[in-house]
Amino acid sequence: MSTVKLTVNGKAVSADVEDRTLLVHLLRDHLGLTGTHVGCDTSQCGACVVHIDGRAVKSCTTLAVQASGSSVTTIEGLAKGDELHPMQAAFRDNHGLQCGYCTPGMIMSAVDIVHRYGGKLDEATVRHELEGNICRCTGYHNIVRAVRYAAERLRVQA
Amino acid sequence: MATRYFGVAMKRREDPRFITGRGTYVDDLTLPGLAYAAMVRSPHAHARIRAIRKEKALQHPGVIAVFTGRDMVDSGVKSLPCGWLLPGMKLPPHYPMAVDKVRHVGEIVAVVIAEDRYTAEDAARLVEVEYEVLPAVADGAKALQPGALAPSCASSSNLCSMYGSL
């Protein structure tokens with residue numbers, strides 16, 4: 001067993017977990033943050049993406065102890081109170097979701113993509129960057145549109 | 001009504017909870033007495049199951065039960081039906097878990113039920129399955145040749161159904 005201390009969505013948390021506990025299970029089972037999903041158990045689908053110190057990672061492939069001392073942001077921590085993050089608003093405005101299962105991972109990946117490219121995103125880049133996030137409802141047309149829409153708005157804001 | 005619903009972009013009522021991580025999917029539920037399942041799967045494309053030994057898995061702390069395909073059939077579970085049978089289509093028996101024989105890599109041969117998911121996965125590795133490996137056909141065209149191995153004891157050829165003309 002190990003004691004893991006980290007910051008999750010701005011709050012300091014501490015948990016005693018088995019050394020092999022995955023970050024996604026710390027978030028879901030110990031902290032009750034079930035917005036981060038396990039879609040495939042094989043690191044392919046990206047439904048589990050969270051940010052560790054601002055970088056997108058698949059939390060199903062990260063040990064909880066690896067995140068010790070870092071700052072984790074999950075989908076629950078992205079909005080500022082009632083004010084949606086522009087990426088969340090973009091997914092809603094562009095119908096970028098159907099069942100919603102992949103959406104938290106899509107949004108967390110997309111925010112990281114926009115940060116890395118500084119908001120200048122063409123369609124091919126978005127599609128390439130979202131390779132690690134799988135949607136099984138509708139295909140990617142509106143997801144890509146939502147990411148580019150948010151990128152444009154975030155670029156204007158910046 | 002026409003002005004409210006037609007010719008305008010509709011926002012979905014369910015989206016706010018999904019984009020903020022507040023949906024409630026089945027995996028998000030925690031119920032009293034909740035248990036977890038892990039599957040034991042076949043590493044072979046075609047093999048006879050000679051024996052499945054559950055003892056070590058059952059002795060593992062936190063394990064509640066281990067079931068095999070044979071257990072399932074003995075308790076009365078029937079073959080899965082086909083939702084849309086075509087005229088003349090063959091319907092070999094198909095069970096949620098393999099009974100006596102596996103017919104593809106990854107077919108479920110046993111399920112371990114435990115108090116938590118990590119224990120279930122640990123114990124799934126303790127289930128010992130003895131296989132007699134049989135020849136396999138992994139090519140569609142070869143599977144249709146006369147004398148190719150039939151996947152099921154219920155039919156003599158691999159052709160399931162003819163729909164239209166070849």
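**Figure 1. Helices and strands of chain B.** In this predicted model, chain B has 6 helices and 6 strands. If you walk along the sequence, the order you meet them in is α-α-β-β-α-β-α-β-β-α-β-α. Try tracing that pattern on the structure, ticking off each helix (α) and each strand (β) as you go.

**Figure 2. The overall dimensions of chain B.** How far does the C-alpha trace of chain B span along its principal axes? The answer is about 65 × 55 × 30 Å. Its radius of gyration is 23 Å, while a compact globule of 166 residues would come out near 15 Å. As for burial, 22% of the 166 residues in chain B count as buried. Now look at which parts of the sequence meet: among contacts in chain B with a separation of 6 or more, 73% are between residues 24 or more positions apart.

**Figure 3. A close-up of Pro61(B).** You'll find Pro61(B) in a loop of chain B, with helix 3 (55-59) on one side along the sequence and strand 3 (63-68) on the other. Is this residue buried or exposed? Pro61(B) counts as exposed, because it has just 9 C-beta neighbours inside 10 Å, and a residue with 12 or fewer falls in that class. Look also for Thr119(B): it sits 58 residues away from Pro61(B) along the chain, yet 8.0 Å separate their C-alpha atoms.

**Figure 4. The two domains of chain A.** Chain A splits into domain 1, covering residues 2-77, and domain 2, covering residues 86-157. Taken over C-alpha atoms, the centres of these two domains of chain A are 21 Å apart. Where they touch, domain 1 of chain A brings 15 residues and domain 2 of chain A brings 11. On the domain 1 side, the elements giving two or more residues are strand 3 (49-52) and strand 4 (55-58) of chain A. Strand 3 of chain A gives the most to that side, with 3 residues. Sorted by class, the domain 1 side of this contact has 7 nonpolar, 7 polar and 1 charged residues.

**Figure 5. Where chain A meets chain B.** Here, 16 residues of chain A are in contact with 11 residues of chain B. Which elements of chain A give two or more residues to the side that touches chain B? They are helix 2 (86-93) and helix 3 (103-117) of chain A. By class, the chain A side has 8 nonpolar, 6 polar and 2 charged residues.

How values were computed
Residues numbered from 1 in each chain as written. Chains lettered and ligands numbered in written order. Predicted model: local features only at pLDDT ≥ 70, side-chain atom pairs only at ≥ 80, totals over all residues. Domains from an automatic or database assignment. Contact = placed C-beta atoms within 7 Å. Helix = DSSP H or I, 4+ residues; strand = E, 2+ residues; numbered from the N terminus. Nonpolar A, V, L, I, M, F, W, Y, C, P; charged D, E, K, R; others polar. Rg over C-alpha atoms; globule rule 2.2 N^0.38 Å. Buried ≥ 20, exposed ≤ 12 C-beta atoms within 10 Å, placed from the backbone.
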